[in-house]
Protein chains: 2
Amino acid sequence: MPASFYNHPKQLVAVDCIIFGYENEKLKLLLSHRGFQPAKGEWSLMGGWVHDDETVEEAAERVLFQITGLKDIYLEQVQVFSNPGRDPGGRVISVIFYAMIRIDIHDKNLLNQNGARWWTFSEKPELVFDHNQMVKKAHEKLKLKASYTLIGEKLLPEKFTILQLRTLYEAIFQRQFDPGNFRKKILSLRMLEKLDHKNKTDSKKGAFYYRVKKHNEKFINERIVKQ
Amino acid sequence: MPASFYNHPKQLVAVDCIIFGYENEKLKLLLSHRGFQPAKGEWSLMGGWVHDDETVEEAAERVLFQITGLKDIYLEQVQVFSNPGRDPGGRVISVIFYAMIRIDIHDKNLLNQNGARWWTFSEKPELVFDHNQMVKKAHEKLKLKASYTLIGEKLLPEKFTILQLRTLYEAIFQRQFDPGNFRKKILSLRMLEKLDHKNKTDSKKGAFYYRVKKHNEKFINERIVKQ
DNA sequence: ACAAAAGTGTTTCGGCTACACCCATGC
DNA sequence: GCATGGGTGTAGCCGAAACACTTTTGT
């Protein structure tokens, strides 16, 4: 093969992020009000172009920093969407990520500047182009992740009660978990550390706070909850 | 944002395929002898550029057809690799797929023309660039797939015995499965159809052939084997 | 007769589920 | 006292694993 092997038409490559958050017992999605054509004024995922000198992960981190002011956000690749007609504005290959944000610590002022807004997952609007499909895929992947990993730390405040964790899981899986069984299962993983004070807002008795143990990168090969 | 929103540097986008096959009780990998610089003469995955008018899936199908003469190959997206320095020949964003091929029906003559060769998975050579990592990720994804789907039809001949299916699973997972329990588990899925004749090459008694039932696209939500 | 795979049956074990039940406390 | 969530205990069910055992047939 000739030296011109690398002379080939190039493509516009973008990243789009499904940004999950959790607030008031609801799973939420951070969406952007599209300020340009095509589909101006409609809602879409947060996205941006991939630059020459960065990975797609770095591009996604850049987009997230711009929107939320946060670094070190948990990111996972979902899938590539590449239908030539998927974006009416031109041929764009888009790499999809999902992210998990702690709503309690991000910079809410930046959101307004960026025309962004949190939506409750179950009440989200129709999105532009193929973004609805992307959200669906990301949600499936989030469920898979949550069923094999304790994702509390990524969406909840530093310290949380078992009730809060369970309510998060119920929001993600859109079903109920038995309180006693959920508690036993989570504690059996030995990944949580019990703190010495209680949350008294959710019950009369008060529930102990827990936090995720440090240095606990150990991979769980065990299923936490069923799909 | 201006109309120049879509005026942005473009990227070279490639697909690379991890092509799994199965022959002589061994999991195999189809690799390509690289005929151009850089890394000329070394082994690599099968790849190709993504054209303007096709999806990344179509690009992968095109590459696979070129190499094997087969259409309708099972393909699954694995991940995007996009480190700017990953390919010394230039900045290439690569979308990785794995494929499953029935070695018994593909065109072996095409392989030689393309400098390709089947390697036993456990004896595969060092690959160029980040292709070793890609294979690792693809193998993990294949295991995940095989643990939730009956993948016999995709790698074995049309009809096969339970022993052959078990040996395939043992090759993929690199561990043993109890013959009795494996048989019961597989048959309990009710996805196989027993044929009326036997394979007599593997045993004196002979084992009935089975094939995957038609119209059996029903999704399995049940785990077939543990990781 | 024996070896070796095919195929079936049985026992055990552990985890998940579905509860029941007590505890603590604000109202 | 009672309602509410916190937290613990337990019986039963079901599937996975381990393995015994019978069948078949080529050598």
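Q: What is the handedness of the crossing of H3(A) and H5(A)?
A: The crossing is left-handed. Keep in mind that this is a predicted model.

Q: At what angle do the axes of H3 and H5 of chain A cross?
A: Start with the two stretches. H3 covers residues 131-148 of chain A, and H5 covers residues 162-173 of chain A. Their axes come within 10 Å and cross at roughly 145°.

Q: Which residues make the contact of H3(A) and H5(A)?
A: Take each helix in turn. H3(A) brings His139(A), Leu142(A), Lys143(A), Ala146(A) and Ser147(A). H5(A) brings Tyr169(A), Ile172(A) and Phe173(A). Then sort by class: 5 are nonpolar, 2 polar and 1 charged.

Q: Now the DNA. Which residues come nearest to DNA strand D?
A: There are 18 residues around strand D. Those that come nearest are Lys184(A), Lys205(A), Asn181(B), Lys185(B) and Lys204(B).

Q: Which elements supply at least two residues each of the surface near DNA strand D?
A: Look in both chains. Chain A gives helix H6 (179-188) and strand E9 (207-212), and chain B gives helix H6 (179-188). By class, this surface has 3 nonpolar, 4 polar and 11 charged residues.

Q: Which parts of DNA strand D lie within 4 Å of the protein?
A: Of those atoms, 57% belong to sugar or phosphate, and the rest to bases. Individual atom pairs show each kind. Arg183(A) has a polar side-chain atom 3.1 Å from a sugar or linking oxygen. A backbone N or O atom of Phe208(A) is 3.5 Å from a phosphate oxygen. In the side chain of Lys205(B), an N or O atom is 3.1 Å from a base oxygen.

Q: How many residues surround DNA strand C?
A: The count is 17, and the closest are Asn181(A), Lys204(A), Arg183(B), Lys184(B) and Lys205(B). They divide into 3 nonpolar, 4 polar and 10 charged. H6 of chain A, with H6 and strand E9 (207-212) of chain B, each supply at least two.

Q: Which atoms of Lys184(B) and DNA strand C lie 2.9 Å apart?
A: A polar side-chain atom of Lys184(B) and a base oxygen of the strand. Lys185(A) instead has a side-chain N or O atom 3.2 Å from a phosphate oxygen of strand C. For Phe208(B), a backbone N or O atom lies 3.5 Å from a phosphate oxygen of that strand.

Q: Last one. Is Glu123(B) buried or exposed?
A: Compare its accessibility with the cut-off: exposed means over 50%. Glu123(B) has 56% relative accessibility, so this residue counts as exposed. Glu123(B) lies in the loop between strand E7 (116-120) and helix H3 (131-148) of chain B.

Methods:
Residues numbered from 1 in each chain as written. Chains lettered and ligands numbered in written order. Predicted model: local features only at pLDDT ≥ 70, side-chain atom pairs only at ≥ 80, totals over all residues. Heavy atoms only, no water. Axes fitted to C-alpha atoms, helices over the stretch in contact; angles between N-to-C directions. Helix = DSSP H or I, 4+ residues; strand = E, 2+ residues; numbered from the N terminus. Left-handed = near helix turned anticlockwise from the far one by under 90°. Contact = heavy atoms within 4.5 Å. Nonpolar A, V, L, I, M, F, W, Y, C, P; charged D, E, K, R; others polar. Near = heavy atom within 4 Å. Polar contact = N/O pair within 3.5 Å; in protein donor to acceptor, adjacent residues only side chain to side chain. Buried < 20%, exposed > 50% of the residue type's maximum accessible area, 1.4 Å probe, protein only.
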